[in-house]
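Me: I'm new to this protein and would like a friendly walk through it. Could you show it to me first, and then take my questions one at a time?

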Amino acid sequence: MMKSALVLGATGGMGFALVEELVGRGIETIAFARSEGKLAAYGTEWGSLAKVMVGDVTNEHELREAVSKVDVVFHCINIPYEKWDPILSDILDAILLQCMNLKKPLVYVDNIYSYGRQTIPVSEHVSRHPHTKKGKIRLALQNQIKTSNVPYIIAHFPDFYGPMAENTILQYTFLQMLSKESVGFVGNTKLQREFIYTKDGAKALVELALREDCYNQSWNISGAGTISGEEIAKIASDFLNKKITVKPIRRWMIAMLGLFNASMREVTEMMYLNETPVILDGSKYEQTVGPLPKTPYQVGIKENLKELAKR
């Protein structure tokens, strides 16, 4: 029974949504992150069951203190692409060590990179042969968890959108939509891609974490179907009461920016996702737990724009 939880990386998009979902279920939650300002601001929204804790996972004392106080640890930390190797592995090592020493299970938020190129919706059991550097890193991190002797849940999500999901490709587009009529969209504007509303992802992940039979497995948390950039623009146009068009940001444009920007240089290899998207098969979850939460894009996009405008 999970009565308390720790969310590492609580000020990110999924971290914020997880704290919100956990406290909404009456679970006392430590919201752990480095940004004192964001934690203070978000804490007023989460309410009294959320205990904010400013800290750094690389600080052994701070991490051990946080892990020792809870029943389950949620790992939502992410960092800029150019720092992934070796820092993501070092962070995971530190977290696994405390989980092992203190006998706490780990719930790990992962993406779709380890699946590599796929042409049909992928299940958790598909053979993985990532062709990108970041896909190989993600697969190695999963193996790091599986061989650690720490009870775990690994959850794969499509690209996020939602409140506080700042470092996402859709948020880049949404922010422009508030002030412009012609906006950039990463990839082919007609291509169908899968995204997930962070509130849905958090609901699904907490359901898994509450069930003992869901541990020591990987899970796909799929979104509410697929959508194109042009369809996103239509929803935004209706909501913002103005005609919005999306212009494709192509691979060569990202590559050019990469000549001068380390982050953009790392984005280039992931542009295959905007050419041959990876779509998740969430049937294992639905057969085991029940229907996945799926906020329609028409609702989620409007809520996201409303939240951005308010802030």
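Me: How many residues in the lining of the second largest pocket are nonpolar, how many polar and how many charged?

Reply: Happy to help, and please keep in mind that this is a predicted model. The second largest pocket holds about 150 Å³ of space. Its lining is made up of M1, M2, D71, V72, P105, A209, L210, R211, E212 and Y215. Sorted by class, that lining comes to seven nonpolar, no polar and three charged residues.

Me: In what order do the strands of the seven-stranded sheet run?

Reply: This is an open sheet, and its pairing is parallel. At its edges are β3 (50-54) and β10 (217-220), each of which pairs on one side only. From one strand to the next, the twist averages 20 degrees. The order is β3-β2-β1-β4-β5-β6-β10.

Me: Which residue in β3 is the bridge partner of I30?

Reply: Strand β2 covers residues 28-33, and β2 pairs with β3 in the parallel sense over five bridges. I30 has its bridge partner in β3, and that partner is K51.

Me: What angle does the direction of helix α2 make with that of β3?

Reply: Helix α2 spans residues 36-46 and packs on the sheet, where it touches β2 and β3. The angle between the direction of α2 and that of β3 is about 180 degrees.

Me: Which strands does helix α5 lie across?

Reply: Helix α5 takes in residues 133-146 and runs at about 170 degrees to β5. The strands that α5 lies across are β5 (106-110), β6 (152-156) and β10.

Me: There is a three-stranded sheet too; which are its edge strands?

Reply: That open sheet has the order β7-β9-β11, with mixed pairing. In the parallel part, β7 and strand β9 (residues 193-197) pair over three bridges, and D159 stands opposite F195 in β9. Helix α7 (residues 198-209) lies across β7 and β9, at about 70 degrees to β9. The edge strands, each pairing on one side only, are β7 (159-161) and β11 (226-227).

Me: Is the crossing of α6 and α8 left-handed or right-handed?

Reply: Helix α6 (residues 169-179) packs with helix α8 (residues 229-240) at an angle of about 35 degrees, and their axes are 11 Å apart. The crossing of these two helices is right-handed.

Me: And how many nonpolar residues are in the contact of α6 with α8?

Reply: On the α6 side, the contact is made by L170, F174, M177 and L178. On the α8 side, the contact is made by I232, A233, A236 and L240. No polar and no charged residues take part, and the number of nonpolar ones is eight.

How values were computed: Residues numbered from 1 in each chain as written. Predicted model: local features only at pLDDT ≥ 70, side-chain atom pairs only at ≥ 80, totals over all residues. Heavy atoms only, no water. 1 Å grid on protein atoms, 1.4 Å probe; cavity = no way out; pocket = protein on both sides within 12 Å on 5 of 7 lines; lining within 4 Å. Points joined across faces, edges and corners; volume = space filled by probe spheres on them. Nonpolar A, V, L, I, M, F, W, Y, C, P; charged D, E, K, R; others polar. Axes fitted to C-alpha atoms, helices over the stretch in contact; angles between N-to-C directions. Helix = DSSP H or I, 4+ residues; strand = E, 2+ residues; numbered from the N terminus. Left-handed = near helix turned anticlockwise from the far one by under 90°. Contact = heavy atoms within 4.5 Å. Pairing = 2+ DSSP bridges.
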